[in-house]
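Trainee: I have a new structure to look at, and I would like to go through it with you. Could we start from the beginning?

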Amino acid sequence: MHIIPTIIAALAGFAAVSASPFRRTTGTVEGDIATIQSDVISLDSKIKSFSGSLLDALSFLTAYESLSSAITTTTADINASTAFSSSESAVLADQIGGLTNDIIVTLGDAVAKVFFESYVLLRCG
Ligand SMILES: *[C@@H]1O[C@H](CO)[C@@H](O)[C@H](O)[C@H]1NC(C)=O
């Protein structure tokens with residue numbers, strides 16, 4: 001299952017980017033981050049319930065595409081935003097803190113799933 005390492009790389013990459021200081025923001029960006037957070041939670045649920053079936057794979061890929069698209073939208077909106085105030089910055093920092101926690105949980109679940117699948121492969125061939 002190569003998709004799980006891809007997701008781990010994408011989430012880890014976003015976590016690294018979001019850990020850097022913000023240059024700009026708008027209310028739009030707050031909405032974008034809320035969308036990413038809800039997509040991460042949805043992806044986490046797909047990872048946890050993934051059974052290896054085609055139906056699960058499609059549902060998982062749909063959740064991944066949605067998250068990927070939300071990250072692209074957020075990046076574009078941040079790029080297009082004007083300078084942000086310190087109060088906007090504080091709101092975003094709180095939001096990013098919550099998102100980071102969700103990403104860490106999702107990464108943990110993805111890694112656990114990879115280990116579980118590897119264990120099953122080793123034991124059952
Ligand atoms: C945002 O800006 C960076 C730096 O200029 C650029 O590399 C990136 O492609 C831009 N991303 C989007 C989605 O506009």
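Mentor: We shall take the overall fold, the confidence, the core, the helices and the ligand in turn.

Trainee: What is the secondary structure of the chain?

Mentor: This is a predicted model, and its chain comes to 4 helices and 0 strands. Along the sequence the pattern reads α-α-α-α.

Trainee: And how confident is the predictor?

Mentor: The chain has a mean pLDDT of 83, with 78% of its residues at 70 or more. Confidence is highest in helix 2, at 94, and lowest in helix 1 (residues 3–19), at a mean of 58. Over residues 19–23 the pLDDT falls below 50, and this stretch has 3 contacts in the model beyond near neighbours in sequence.

Trainee: Why should I be careful with low pLDDT?

Mentor: Where pLDDT is low, one should not read the predicted coordinates in detail.

Trainee: What share of the 125 residues is buried?

Mentor: Buried residues account for 22% of them.

Trainee: Which residues have the most contacts inside the largest nonpolar core?

Mentor: They are Ile36, Val40, Leu43, Leu67 and Leu99, in a core of 17 residues. Helix 2 (27–49), helix 3 (54–80) and helix 4 (86–124) each supply at least two residues of this core.

Trainee: Could you follow one of those? What does leucine 67 touch?

Mentor: Apart from neighbours within four places in sequence, leucine 67 is in contact with Ile36, Asp39, Val40 and Leu43.

Trainee: Against what do the buried residues of helix 2 pack?

Mentor: They pack against helix 3 and helix 4. The buried residues of helix 2 include Ile33, Ile36, Gln37, Val40, Leu43, Asp44 and Ile47.

Trainee: Why are they spaced like that?

Mentor: An α-helix has 3.6 residues a turn, so residues three or four places apart point the same way.

Trainee: What about the buried residues of helix 3 and helix 4?

Mentor: In helix 3 they are Phe60, Ala63, Leu67, Ala70, Ile71, Thr74 and Ile78. In helix 4 they are Leu92, Leu99, Ile103, Thr106 and Ala110.

Trainee: How far apart are the end C-alpha atoms of helix 4?

Mentor: They are 56 Å apart; this agrees with the expected 57 Å, because 39 residues are counted at 1.5 Å a residue. For helix 3, 27 residues should span 39 Å, and the end C-alpha atoms are 39 Å apart, so the two agree.

Trainee: Across the chain, what share of contacts joins residues at least 24 apart?

Mentor: Among contacts between residues at least 6 apart in sequence, the share is 90%.

Trainee: Is serine 38 buried or partly exposed?

Mentor: Serine 38, in helix 2, counts as partly exposed because it has 14 C-beta neighbours inside 10 Å, while 20 or more would make a residue buried. Serine 38 and leucine 99 are 61 residues apart in sequence, yet their C-alpha atoms are 9.0 Å apart in space.

Trainee: And where is serine 81?

Mentor: Serine 81 is in the loop between helix 3 and helix 4. It has 17 C-beta neighbours inside 10 Å, so serine 81 also counts as partly exposed. From C-alpha to C-alpha, serine 81 is 9.5 Å from glycine 27, although 54 residues separate them in sequence.

Trainee: Changing topic, which residues surround the ligand?

Mentor: Thr72, Thr75, Ala76 and Asn79 surround it. By class, this shell has 3 polar residues, 1 nonpolar residue and no charged residues.

Terms used. Residues are numbered from 1 along each chain as its sequence is written. This is a predicted model: local features need pLDDT of at least 70, side-chain atom pairs count only at pLDDT 80 or more; totals for chains, interfaces and linings use all residues. A nonpolar core is a set of buried Ala, Val, Leu, Ile, Met, Phe, Trp, Tyr and Cys residues joined through C-beta atoms within 7 Å. A residue is buried if 20 or more other C-beta atoms lie within 10 Å of its own, exposed if 12 or fewer, and partly exposed in between; C-beta atoms are placed from the backbone. Two residues are in contact if their C-beta atoms, placed from the backbone, lie within 7 Å. pLDDT is the predictor's confidence in each residue, from 0 to 100. A residue is near a molecule or strand if its C-beta atom, placed from the backbone, lies within 6 Å of it. Ala, Val, Leu, Ile, Met, Phe, Trp, Tyr, Cys and Pro count as nonpolar, Asp, Glu, Lys and Arg as charged, and the others, Gly among them, as polar. The expected span of a helix is 1.5 Å times one less than its number of residues.
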